[in-house]
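This report describes selected features of a protein model. The sequence and the structure are displayed below, followed by sections on internal space, the sheet and model confidence.

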Amino acid sequence: MIDSTTLTYATFDDPRKKRNPDFKTGQSGELLIGTDANGKKYIIKHCYPHNAANEFVASWLAKKLDIPAPDAFLLSSSNAFQTRYAVAIEFLDLNPFDKEAVSHPDDLIAQFVLASLIAQEDRIQLKATDNHIVSFDFSESFCTSKLDLILRLMRQHTPFAQDCAVSILRQQLAAFQESLARVKFNHPAFAQEYNLDCEEMCKTATAISKRVLRITENEIRIMSEELEKLFPTEVSVYYEECIFAMQEHIKSLQ
């Protein structure tokens with residue numbers, strides 16, 4: 001977790017607005033730019049709790065699977081934020097890439113795998129650095145659209161509200177598991193869009209997906225403990241169960 005007082009904040013002006021006057025921002029609400037004492041910059045999402053949790057866990061998972069993605073860190077509370085749930089996402093200098101001649105096809109396939117595993121509901125956001133194809137914006141993932149309601153119930157501290165919150169979490173986990181059951185890597189439309197050989201793409205995607213089996217229970221617990229600095233234990237356990245569900249699904253494909 002990053003101490004929010006170590007950053008200075010400014011409103012983030014999305015450059016896409018300059019190119020397209022009709023451009024509308026996504027579902028993450030108002031964004032900030034946070035800058036630390038060394039000049040390192042972060043995109044700050046602070047309006048909705050699921051943004052913070054999903055960005056943090058998806059970034060953690062990407063690193064474990066050797067998939068290029070920005071680093072993401074939970075932030076301590078600040079009056080600059082609309083909620084107490086905020087995340088700092090590494091600001092990368094990204095550029096468009098040529099769909100017709102993808103220079104790093106394994107990176108591209110890896111991003112498809114990541115989006116599939118986390119049940120990403122948004123369009124996959126892809127850009128290029130000098131050496132990699134990178135994906136970003138994992139806010140709408142892990143079937144967590146009701147996280148705000150769950151947290152409000154938990155703050156009531158009554159047995160009934162707690163039971164309701166846990167019940168909703170179980171429903172969301174069931175939805176996430178159902179999404180995993182539909183995951184397949186033989187995806188002709190995606191291969192065609194990026195001029196990839198579908199059979200080779202499927203083989204590469206399957207190999208990349210198996211990296212999830214390298215993640216140990218101890219590593220998952222460390223991730224979960226970091227989440228617990230901001231979220232209730234029940235929420236951190238939800239994400240643990242999501243990772244375990246991924247592992248079980250990938251085992252079933254072998």
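## The cavity

The structure, a predicted model, contains 1 cavity of 30 Å³ or more. The space within the largest cavity amounts to about 30 Å³.

Its lining is formed by Glu 55, Ser 59, Pro 70, Ala 72, Ile 89, Phe 136, Asp 137 and Phe 138. Sorted by class, this lining comprises 5 nonpolar, 1 polar and 2 charged residues.

## The sheet and its packing helix

Five strands make up an open sheet: 5 strands are arranged in the order S1-S2-S3-S5-S4, and their pairing is antiparallel. Strand S1 (8-11) and strand S4 are the edge strands, each of them paired on one side only. From one strand to the next, the twist averages 30 degrees. In general, the strands of a sheet pair through backbone hydrogen bonds, in either a parallel or an antiparallel manner.

Within this arrangement, strand S3 (residues 41-45) and strand S5 (residues 86-90) run antiparallel and are joined by 4 bridges. Ile 43 has Ile 89 of S5 as its bridge partner. Ile 89 also belongs to the lining of the largest cavity. Helix H2 (residues 49-64) packs on the sheet and touches S3, S4 and S5. The direction of H2 makes about 40 degrees with that of S5.

## The second largest pocket

The second largest pocket has a volume of about 300 Å³. Its lining consists of 13 residues, of which Phe 112, Ala 115, Ser 116, Gln 120 and His 187 are the closest to the pocket centre.

Which helices each supply at least two residues of this lining? Helix H3 (105-117) and helix H6 (188-193) both do so. The largest share, 3 residues, comes from H3. By class, the lining of the second largest pocket is divided into 6 nonpolar, 4 polar and 3 charged residues.

## Confidence of the model

The average pLDDT of the protein is 90, and 93% of the residues score at least 70. Among the elements of the protein, strand S4 (residues 72-75) has the highest mean pLDDT, at 98. Strand S4 is also one of the edge strands of the sheet and is touched by helix H2.

Helix H1 (residues 16-19) lies at the other end of the ranking, with the lowest mean pLDDT, 53, among the elements of the protein.

Key: Residues numbered from 1 in each chain as written. Predicted model: local features only at pLDDT ≥ 70, side-chain atom pairs only at ≥ 80, totals over all residues. Heavy atoms only, no water. pLDDT = per-residue confidence, 0-100. 1 Å grid on protein atoms, 1.4 Å probe; cavity = no way out; pocket = protein on both sides within 12 Å on 5 of 7 lines; lining within 4 Å. Points joined across faces, edges and corners; volume = space filled by probe spheres on them. Nonpolar A, V, L, I, M, F, W, Y, C, P; charged D, E, K, R; others polar. Pairing = 2+ DSSP bridges. Axes fitted to C-alpha atoms, helices over the stretch in contact; angles between N-to-C directions. Contact = heavy atoms within 4.5 Å.
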